[in-house]
Amino acid sequence: MAKVTIQKLHDMKENGEKISMITSYDYATACVVERSGIEIILVGDSLMMTVMGQDSTVPCTVDDMIHHIKAVVAGAPSPMIVGDMVFGSYNVSREQAIETANRMMKEGRCDVLKLEGGREVAHIIKAIVDSGTPVMGHIGLTPQTSSKMGGFKVQGKGEAAGEVLADALAVQEAGAFAVVLEGIPEALGKLITAKLRIPTIGIGAGRYTDGQVMVFHDMLGFFDKFVPKFVKQYMNLNEDITKALIQYKEEVKEGAFPEECHTFGGVTDEDLERLY
Ligand code: KIV
C-alpha cells in the first residue's frame, strides 16, 4: 500500500469511502496492522491503560510516547502514523506545545500528531499547525480530562450537543486536518460529519462518521478489565493465548517440549567422551 497522506483521507471523505484506524504501541503489532491495509495507526496514550495497567491515560509522558512511536514507525511504513500528545504536554503555552510537537516529530518520526480538546485548545492547534506539524483533533469524551467530565461518560447529550458541535467547528477552523469524535450520540456524530469539511473518525460516535477508530487491545479481546458498549470484540486473544501458555507449561512439565526438531546437533558422542 502507498503511504497514506492527508490528501488521501480528504479524498476518501469526498468519495464516501470509510477510513479505518487502530491503535498500536509496538513493532510486532505495527507489522500486523501494516499487513491489514488499515489506513491510520494511532500510537495512543491509551497504552498507559492497556499496556502499563494504569487506571488513566494521565501519567503517560512525552518520553513514553516517543519510545512507542519509534517502534510502530519501524513496523508500519504505509499507514499514516499519529502520535498522541499527552496530558500536560501542550496546555501550558503555545511555545510548550510547539516544543513538544517538534520533539515528537523529530525523535519519534511519526507523520502527524493528535491532541484532545475543543475550543479551549483551538489556539494551540493553530500554533502547532502554523509551526509545520499537522494536527488531528479529538473532542467529545476526552479521556485525559475525563475526571472533569465525571468519568468516562457520553458527551453532547440533549442541549450539550451544541457544545460538541462548536468544538468540532473550532478545531476545523484552527487547522486540524481530521478530528476524532469520542463517546457522543450517533445523531450528533452524523450532524458533525455532515457539517465538517475534514474527516471525522468515530469511537463510540455511531455509524455515520467518515471513519472508525478502535483500541487494538479492546477489539481483539486482549484487554478485559472493562469492555465499553461501543467495542466489538473480533476475537478473544486472551483466551487463545492462555490456552497456548497452559499447553506450553504442560509440555515442559511432561518433557513433550522441546522435541528433537527444536534442538541443535554438532557434537558427537566421541567429542563428549573426552570431556567425561
Ligand atoms: O489513546 C487512544 O487510544 C485514543 C483513542 C481512544 C482515540 O485517543
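Student: In helix 1, which residues are exposed on the side away from the buried ones?

Tutor: In this predicted model, Gln-7, Glu-14 and Asn-15 are exposed on that other side of helix 1.

Student: Which residues of helix 1 are buried?

Tutor: Within helix 1, which spans residues 6-15, the buried residues are Leu-9, Met-12 and Lys-13. Seen down the helix axis, these buried residues fall within an arc of 100 degrees, so they line one face of helix 1.

Student: Why do residues three or four places apart in an α-helix point the same way?

Tutor: An α-helix has 3.6 residues a turn, so residues at that spacing point the same way.

Student: What covers the buried residues of helix 1?

Tutor: The cover includes three strands, namely strand 1 (19-23), strand 2 (40-43) and strand 3 (80-84), together with helix 8 (186-195).

Student: What phi does Gly-16 take just after helix 1?

Tutor: Gly-16 takes a positive phi of about 70 degrees there.

Student: How should the protein chain be read overall?

Tutor: The chain has eleven helices and eight strands, and its C-alpha atoms fill a box of roughly 85 × 40 × 35 Å along the principal axes. Of its 276 residues, 47% are buried. Among contacts between residues at least 6 apart in sequence, 59% join residues at least 24 apart.

Student: What can be said of the surface and the charges?

Tutor: The accessible surface of the protein chain comes to about 14400 Å², with 55% belonging to carbon and sulfur atoms. The chain carries 27 positive and 38 negative charges, whose mean positions are 9 Å apart.

Key
Residues numbered from 1 in each chain as written. Predicted model: local features only at pLDDT ≥ 70, side-chain atom pairs only at ≥ 80, totals over all residues. Heavy atoms only, no water. Buried < 20%, exposed > 50% of the residue type's maximum accessible area, 1.4 Å probe, protein only. Helix = DSSP H or I, 4+ residues; strand = E, 2+ residues; numbered from the N terminus. Arc of directions from axis to C-beta. Contact = heavy atoms within 4.5 Å. Areas by Shrake-Rupley, 256 points an atom, 1.4 Å probe, with all protein chains shown as cover. Lys, Arg positive; Asp, Glu negative; His and termini not counted. Charge placed at Lys NZ, Arg CZ, Asp CG, Glu CD.
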